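Please open the structure in a viewer and keep the sequence panel visible. The tour proceeds by selection, with a short account of what is found at each stop.

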Amino acid sequence: MKVLEVTRPTEAPPPASPPRVRRPRPRIAPLVGIAVAVLVAELVPRTGLVADGALPPLSAVLAELGRESADGALWEALGSTVRTWAVGLVAAVAAGVVVGVAIGLVPVLRALTASTVEFLRPIPSVALIPAVILIFGTGYESGVVLIVYAGFWQVLVQVLYGVQDIDPVAYDTARSYRFGLWARVRHVIWPTALPFVFTGIRLAASVALVLAITGELVIGTQGIGQLISVAQSSGATTEMFALVLLTGVLGVLVNVGFRYAERATLGWHPSVRRSAGS
């Protein structure tokens with residue numbers, strides 16, 4: 001007797017779920033934050049919570065900044081600050097990249113300098129101001145030295161991370177194909193380390209601006225920091241806050257500018273594409 005086999009019809013696979021669409025971040029959120037900050041800066045001084053004259057309203061600060069912008073002395077001081085910042089930043093980046101690549105490629109150098117780097121890096125640049133004044137005087141060179149010292153460590157550490165992140169297989173392959181040192185740096189090391197270099201440059205740019213203005217405040221060299229110090233000592237509170245606001249705007253421009261430069265230069269890198277799409 002033949003037994004008939006009953007076969008079940010194959011079940012259709014469940015429908016594939018549609019791909020998740022990443023929702024763009026609401027663009028109004030930063031504007032709301034700015035509006036709230038402006039409102040607080042305008043209303044708090046008028047409520048009497050702060051002593052009279054200690055904190056002027058934002059409208060008075062903006063009006064004072066408008067009056068100051070018509071004076072050539074403000075632009076001359078701003079140019080001096082930007083010059084000190086730029087010279088110090090370029091020197092710090094050049095030194096950090098060269099020393100970082102050299103140390104990162106030689107394990108013996110990295111082992112010998114690890115403790116020195118960890119000892120010198122946390123020293124605040126402000127603590128070096130008395131020594132810098134004794135050695136370099138009160139010219140703008142002192143501000144440049146402070147910026148170089150502070151920015152150098154930011155770039156150096158990031159470059160060391162970048163060199164450490166190199167794929168050893170790719171590096172050994174380049175060596176097996178008899179790539180010279182310059183060819184290995186150009187085709188293997190630099191593309192891998194470049195995102196880390198840009199991170200170090202962005203961090204160093206912000207630190208350099210802080211040190212440029214701090215040096216002008218403490219040392220008395222020409223720049224925005226010196227104008228802030230003069231306004232504070234003469235009791236011109238509104239003018240002082242106008243100059244402080246100007247330094248804040250300058251810091252935002254520096255940060256945004258370097259972020260756009262990073263995205264434009266590293267558009268091919270996955271990390272930049274992910275951050276741009278998020």
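The stops below concern a cavity, a pair of helices and a pocket in a predicted model.

**First stop: the cavity**

Rolling a probe the size of a water molecule over the atoms shows where empty space is left. How many cavities of 30 Å³ or more are there? The count comes to one, and the volume of the largest cavity is about 40 Å³. To see its surroundings, select T84, Y140, G143, A212, G215, E216, I219 and T221, the residues that line the largest cavity.

Next, colour two helices: α6, residues 140-164, and α8, residues 181-219. Each of them supplies at least two residues of the lining of this largest cavity. Which helix gives the largest share of that lining? The answer is α8, with four residues. By character, the lining of the largest cavity comprises three nonpolar residues, four polar residues and one charged residue.

**Second stop: α8 and α9**

Keep α8 selected and add helix α9, residues 224-233. Two packed helices are described by the angle between their axes and the distance between the axes. Here the axes of α8 and α9 come within 7 Å and cross at roughly 45°. The two helices are therefore oblique to each other, and α8 passes α9 in a right-handed crossing.

To display the contact, show the atoms of I213, E216 and L217 on α8, together with I224, G225, Q226, I228 and S229 on α9. The residues of this contact divide into four nonpolar, three polar and one charged. E216 of α8 deserves a second look: it takes part in the contact with α9 and also lines the largest cavity.

**Third stop: the second largest pocket**

Now select I103, R110, T113, A114, V117, E118, R121, V157, L160 and Y161. These residues line the second largest pocket, which has a volume of about 210 Å³.

Which helices each supply at least two residues of the lining of this pocket? They are α4, residues 107-120, and α6. The largest share, five residues, comes from α4. Helix α6 was also coloured at the first stop, where it supplies at least two residues of the lining of the largest cavity.

Finally, colour the pocket lining by residue type. Six of the residues lining the second largest pocket are nonpolar, one is polar and three are charged.

Notes: Residues are numbered from 1 along each chain as its sequence is written. This is a predicted model: local features need pLDDT of at least 70, side-chain atom pairs count only at pLDDT 80 or more; totals for chains, interfaces and linings use all residues. Side-chain values use heavy atoms; hydrogens and water are left out. On a 1 Å grid over the protein atoms alone, a cavity is a set of points where a 1.4 Å probe fits but cannot get out, and a pocket is an open set with protein on both sides within 12 Å along at least five of seven lines; lining residues have an atom within 4 Å of a point. Grid points are joined across faces, edges and corners, and a volume is the space filled by probe spheres set on the points. Ala, Val, Leu, Ile, Met, Phe, Trp, Tyr, Cys and Pro count as nonpolar, Asp, Glu, Lys and Arg as charged, and the others, Gly among them, as polar. Axes are lines fitted to C-alpha atoms, for helices over the stretch in contact, and angles run from 0 to 180 degrees between N-to-C directions. Angles under 35 degrees count as roughly parallel, over 145 as roughly antiparallel, 65 to 115 as roughly perpendicular and the rest as oblique. A crossing is left-handed if the near helix is turned anticlockwise from the far one by less than a right angle, and right-handed if clockwise. Contact means heavy atoms within 4.5 Å.
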